[in-house]
Amino acid sequence: MNSVIMDVEDKMKKTIASLKDGFSAIRTGRASAALFEKIRVDAYGDKQSINQVAAISTPEARLVVINPWDKTLIGEIEKAIRSSELSLNPSSDGKIIRISIPPLTEERRKELAKVAKTQAEQCRVSIRNIRRDGNDEIKKQHKASAITEDEEKKLSGELQKLTGDYIKNIDDILAEKEKEIMEV
């Protein structure tokens, strides 16, 4: 396999991983530890993600339990969750923090589905830009006589097929996330 194709595929894989990471932060009606991974807490004079200072578990479909390793951080963790865009209200007993995940309204579900579609479209654009850069590199190699015209056509075809596969992958991931969001 040509190094251009390998490089392009590597970049496309990273783009898909980024999309999945972005989708994990979109709240659904279900409890998920991933919702809290991006929330930063003031701890030990620095900002740290919650999963670095506490254990996060989901014992029930609509309940998240956060168990800080250092109980003095409970107030900071609660404050960080309240000020996040998740619109959740944590409660603690001094040892652990419980967060009840309320069901989403129909309007909120539609808003979240739009956010997911926007992220997916940005990902598709990135994939197409990667394809364009790959095609440019293939043309450069042909001009420099590093590859023949037949090889150029073959590589461009491979690049197009790869792009189609990754765009389909994005569509599948989006469909799954929309289904998850719209679930009551």
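## Salt bridges within helices

A salt bridge is a side-chain nitrogen of Lys or Arg within 4 Å of a carboxyl oxygen of Asp or Glu. In this predicted model, glutamate 158 and lysine 154 form such a pair, with the closest N and O atoms 3.3 Å apart. Both residues belong to helix 5 and are four residues apart, about one turn of the helix. Glutamate 158 is partly exposed, because its relative accessible area of 28% is neither under 20% nor over 50%. Lysine 154, with a relative accessible area of 56%, is exposed.

Two further pairs are found in other helices. Glutamate 111 and arginine 108 are joined by a salt bridge with an N to O distance of 3.1 Å. They lie three residues apart in helix 4 (residues 106–143), about one turn of the helix. Glutamate 111 has a relative accessible area of 36% and is partly exposed; arginine 108, at 32% relative accessibility, also counts as partly exposed. In helix 3 (residues 74–83), lysine 79 and glutamate 76 are three residues apart, so about one helical turn separates them. Their salt bridge has its closest N and O atoms 3.8 Å apart. Glutamate 76 is partly exposed at 27% relative accessibility.

## Salt bridges overall

The structure holds 18 salt bridges. Side chains of opposite charge can pair when their charged atoms come close. Salt bridges also link Glu121, Arg124, Arg128 and Asp171 in a network.

## Packing of helix 1 and helix 5

Two packed helices are described by the angle between their axes and the distance between the axes. For helix 1 (residues 3–24) and helix 5 (residues 149–182), the angle is about 10° and the axes are 11 Å apart. Helix 1 is therefore roughly parallel to helix 5, as the angle is under 35 degrees. The residues of this contact divide into 13 nonpolar, two polar and five charged.

On the helix 1 side, the contact includes Ile5, Val8, Met12, Ile16, Leu19 and Phe23, along with Glu9, Lys13 and Lys20. On the helix 5 side, the residues include Leu155, Leu159, Leu162, Tyr166, Ile170, Ile173 and Leu174, together with Thr163 and Asn169. Glu158 and Lys177 of helix 5 are also part of the contact. Glutamate 158 is thus named twice in this report: it meets helix 1 and forms the salt bridge with lysine 154.

## Two buried residues

Lysine 177 lies in helix 5. At 8% relative accessibility, lysine 177 counts as buried, since the value is under 20%. Not counting residues up to four places away in sequence, lysine 177 touches Phe23, Ile26, Thr28 and Ala116. Of these, Phe23 is one of the helix 1 residues in the contact with helix 5.

Threonine 15 lies in helix 1. Its relative accessibility is 13%, so threonine 15 counts as buried. Apart from neighbours within four places in sequence, threonine 15 is in contact with Cys123, Ser126, Ile127 and Ile130.

## The strand hairpin

Strand 1 (residues 40–43) and strand 2 (residues 46–49) pair in the antiparallel sense over four bridges. Arginine 40 has serine 49 in strand 2 as its bridge partner. Two residues stand between the strands of this hairpin, where tyrosine 44 takes a positive phi near 55°.

Technical notes:
Residues are numbered from 1 along each chain as its sequence is written. This is a predicted model: local features need pLDDT of at least 70, side-chain atom pairs count only at pLDDT 80 or more; totals for chains, interfaces and linings use all residues. Side-chain values use heavy atoms; hydrogens and water are left out. Buried means under 20% relative accessible area, exposed over 50%, partly exposed in between (1.4 Å probe, protein chains only). Contact means heavy atoms within 4.5 Å. Axes are lines fitted to C-alpha atoms, for helices over the stretch in contact, and angles run from 0 to 180 degrees between N-to-C directions. Angles under 35 degrees count as roughly parallel, over 145 as roughly antiparallel, 65 to 115 as roughly perpendicular and the rest as oblique. Ala, Val, Leu, Ile, Met, Phe, Trp, Tyr, Cys and Pro count as nonpolar, Asp, Glu, Lys and Arg as charged, and the others, Gly among them, as polar. Two strands pair if DSSP finds at least two bridges between them.
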